[in-house]
Amino acid sequence: VTIKLVKHGKDNDGIFFFAKQVNLTGGVDNVIKFPAQVAPDDMKSIDLYLDFGGNPVNTEVIVKDIVLKKTE
């Protein structure tokens, strides 16, 4: 999956704070940590995209319990 954290809005100018391909394991909690310096101060102004392109046909993906939090 490709995970993208981008500036909010249709005029986002392609501004990516983070874009990374990661391997996820089914049936377990997957934790992805973003480097602290990529998060904007105003976290209300971001969009999170999960791109599952390239999965085999009929792959079932369930996304739940997403938590975004800033840590020190």
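**Entry 1. Burial and surface**

I began with burial: of the 72 residues of the protein, 15% count as buried. The model I am reading is a predicted one. I then looked up the surface, and the protein exposes about 6200 Å². Carbon and sulfur atoms supply 49% of that area.

**Entry 2. Confidence**

I checked confidence before going further. The mean pLDDT of the protein is 76, and 72% of the residues reach 70 or more. Among the elements, I found the lowest confidence in β2, at a mean of 76. The highest is in β3, at 83. I keep one caution in mind: where pLDDT is low, the predicted coordinates should not be read in detail.

**Entry 3. Elements**

I listed the secondary structure. The protein has three strands and zero helices. Read from the N terminus, the order is β-β-β. Strand β1 covers residues 2–7, β2 covers 16–21, and β3 covers 46–51. I also looked at the range of the contacts. Of those with a separation of 6 or more, 45% join residues 24 or more positions apart.

**Entry 4. Thr2**

I looked up Thr2, which lies in strand β1. Is Thr2 buried or exposed? Thr2 counts as buried, because its relative accessibility is 15% and the cut-off for buried is under 20%. Which side chain makes a polar contact with the side chain of Thr2? I found Gln21 there, at 3.5 Å. Leaving aside neighbours within four places in sequence, I noted that Thr2 is in contact with Lys20 and Gln21, and also with Tyr49, Leu50 and Asp51. Of these partners, Gln21 falls within the range of β2, while Tyr49, Leu50 and Asp51 fall within the range of β3.

**Entry 5. Asp47**

I went on to Asp47, in strand β3. Asp47 is buried, at a relative accessible area of 19%. Which residues does Asp47 touch, not counting those up to four places away in sequence? I wrote down Lys4, Leu5, Val6, Lys7, His8 and Gly9. Of that run, Lys4, Leu5, Val6 and Lys7 fall within the range of β1.

**Entry 6. Leu48 and the nonpolar patch**

Next to Asp47 in the numbering I checked Leu48, also placed in strand β3. Leu48 is partly exposed, with a relative accessible area of 30%. I found Leu48 in a nonpolar surface patch of about 450 Å². The other members of the patch are Leu50, Val61, Val63, Ile66 and Leu68. Leu50 appears in my notes on Thr2 as one of its contacts.

**Entry 7. The loop between β2 and β3**

I looked at two residues in this loop, Val22 and Gly27. Val22 counts as buried, at 14% relative accessibility. Gly27 is exposed, with a relative accessible area of 89%.

What is Val22 in contact with, leaving aside neighbours within four places in sequence? I found Val1, Ile3 and Ile32. For Ile32, ten residues from Val22 along the chain, I read a C-alpha separation of 8.3 Å.

For Gly27 I looked up a pair with Ile62. The two are 35 residues apart in sequence, and their C-alpha atoms are 9.8 Å apart in space.

**Entry 8. The segment after β3**

I took three residues from this segment: Asn58, Asp65 and Val67.

Asn58 counts as exposed, because its relative accessibility is 75% and exposed means over 50%. I noted a positive phi of about 70 degrees for Asn58, although Asn58 is not a glycine. I set the general rule beside this: most residues other than glycine have a negative phi.

What is the phi of Asp65? The value is near 55 degrees, again positive and again in a residue other than glycine. Asp65 is exposed, with a relative accessible area of 69%.

Val67 is exposed too, at 63%. I looked up its pair with Val31, which is 36 residues away in sequence. C-alpha to C-alpha, Val67 and Val31 are 9.6 Å apart.

Key: Residues numbered from 1 in each chain as written. Predicted model: local features only at pLDDT ≥ 70, side-chain atom pairs only at ≥ 80, totals over all residues. Heavy atoms only, no water. Patch = residues over 30% accessible without salt bridge, like charges linked within 9 Å, V, L, I, M, F, W, Y side chains within 5 Å. Areas by Shrake-Rupley, 256 points an atom, 1.4 Å probe, with all protein chains shown as cover. Salt bridge = Lys/Arg side-chain N within 4 Å of Asp/Glu carboxyl O. Helix = DSSP H or I, 4+ residues; strand = E, 2+ residues; numbered from the N terminus. Buried < 20%, exposed > 50% of the residue type's maximum accessible area, 1.4 Å probe, protein only. Contact = heavy atoms within 4.5 Å. Polar contact = N/O pair within 3.5 Å; in protein donor to acceptor, adjacent residues only side chain to side chain. pLDDT = per-residue confidence, 0-100.
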